[in-house]
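Take a look at the model below. The text then walks through it, from one helix out to the sheet and the whole chain.

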Amino acid sequence: MHLTEPTSRADRVLVLLRQIVGTPHVLVAPHATAPYTKGYRFGSGKVRAVVRPRTLVELWRVAETCVAANQIMIVQAANTGLTGGSTPDGDTYDRPIILINTRRLRGMHLLCGGEQVICLPGTTLHKLETTLARHGREPHSVIGSSCIGASVLGGISNNSGGALVQRGPAYTEMALFGRVTEEGRLELVNRLGIKLDPDPIKALARLESGAFSAEEIEWPDAKGHDDRYVDHVRDVTADTPARFNQDPSRWYDASGCAGKLVVFAVRVDSFPAEKAVASFMWAPIARRCWRICGAIF
């Protein structure tokens with residue numbers, strides 16, 4: 001009996017997940033899970049299943065199921081491998097892994113003419129950049145060809161970026177996320193600055209559809225970008241590096257959470273588009289980049 005219990009429990013989890021997202025979006029065969037379980041740059045390992053929710057409510061129910069079954073969750077967006085952590089790393093885990101891919105959860109809501117934006121888990125930085133361009137604005141980072149698929153939430157979770165000193169790395173203090181309580185229950189925490197129903201299902205459905213009024217949008221003192229970075233990075237006399245991964249000074253709820261939370265949405269600042277810009281690249285590298293881009297597109 002002891003030998004069959006883990007298999008039975010795992011099968012029950014898969015049944016529940018299929019009921020939530022549909023059988024085609026619960027992948028278990030190695031050839032089907034491989035594109036999700038191997039990082040583009042590094043990291044790989046086995047998972048019990050790859051789950052692809054379509055709505056925030058489905059994401060919540062998948063996360064609830066995993067918590068109740070004591071499964072490890074890895075939440076993944078584009079799996080660009082820029083910062084790591086979006087795939088298993090080896091086979092030394094003590095519990096089964098459910099990898100939740102959020103690329104189907106794309107969407108954003110512009111606030112105040114695009115001065116701030118609410119981004120859902122699968123929203124890419126490229127999509128955010130092109131959307132804001134129509135309003136004469138830009139996100140915290142202007143991407144290059146190496147990370148054209150990178151997600152906004154992936155950057156927030158790992159504090160990525162920081163090349164533009166006036167804007168800093170990906171950071172916000174306004175987010176909607178799930179965390180596991182000491183009692184082992186998943187709870188929804190709303191620090192997004194949007195008045196939502198305390199019931200998670202109702203709150204997530206309303207947020208995703210954008211069914212909130214201007215009166216329900218709050219403008220708290222919470223920051224939508226790291227406005228201290230411009231001074232921090234110029235402190236050349238400091239004893240510590242100005243920029244490094246997992247800098248505790250940039251940990252705040254979803255920001256820098258590195259997968260310890262299930263993030264449903266973040267609210268970030270945008271910036272007026274620069275009027276006069278120029279790019280400089282060493283000629284041989286430029287020619288190589290153009291050849292690569294031409295082969296891809």
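Which residue with a positive phi follows H3? Asn 70 does, with phi near 60°.

This is a predicted model: local features need pLDDT of at least 70, side-chain atom pairs count only at pLDDT 80 or more, and totals for chains, interfaces and linings use all residues. Residues are numbered from 1 along each chain as its sequence is written, and side-chain values use heavy atoms, with hydrogens and water left out.

Start with helix H3, residues 56-68 (helices are DSSP runs of H or I with at least four residues, strands are runs of E with at least two, both numbered from the N terminus). H3 has 13 residues. Its first and last C-alpha atoms are 18 Å apart, close to the 18 Å expected at 1.5 Å a residue (the expected span is 1.5 Å times one less than the number of residues). Of the 13 residues, 10 are buried (under 20% relative accessible area; exposed is over 50%, partly exposed in between, with a 1.4 Å probe and protein chains only). Among them are Leu 56, Glu 58, Trp 60 and Cys 66.

Trp 60 leads to the next feature. The structure holds 1 aromatic pair (rings of Phe, Tyr and Trp, the latter by its six-membered ring, with centres within 6.5 Å; planes under 30 degrees apart are stacked, over 60 edge-to-face, the rest tilted). Trp 60 and Phe 264 form this pair, which is tilted, at 6.0 Å centre to centre and 45° between the planes. The partners sit 204 residues apart, Trp 60 in helix H3 and Phe 264 in strand S10 (residues 262-269). Trp 60 counts as buried because its relative accessibility is 3%. Phe 264 is buried too, at 0%.

Strand S10 belongs to an open sheet of 5 strands, in the order S5-S6-S10-S8-S9. The pairing is antiparallel (two strands pair if DSSP finds at least two bridges between them). S5 (108-111) and S9 (186-190) stand at the edges with a single partner strand each, so one side of each has no neighbour in the sheet. Neighbouring strands are turned by 20° against each other on average, direction ignored. At one edge, 5 bridges join S8 (residues 175-180) to S9. Phe 177 has Val 189 in S9 as its bridge partner.

Now step back. The protein has 8 helices and 11 strands. Buried residues make up 45% of its 297 residues.

Technical notes:
Axes fitted to C-alpha atoms, helices over the stretch in contact; angles between N-to-C directions.
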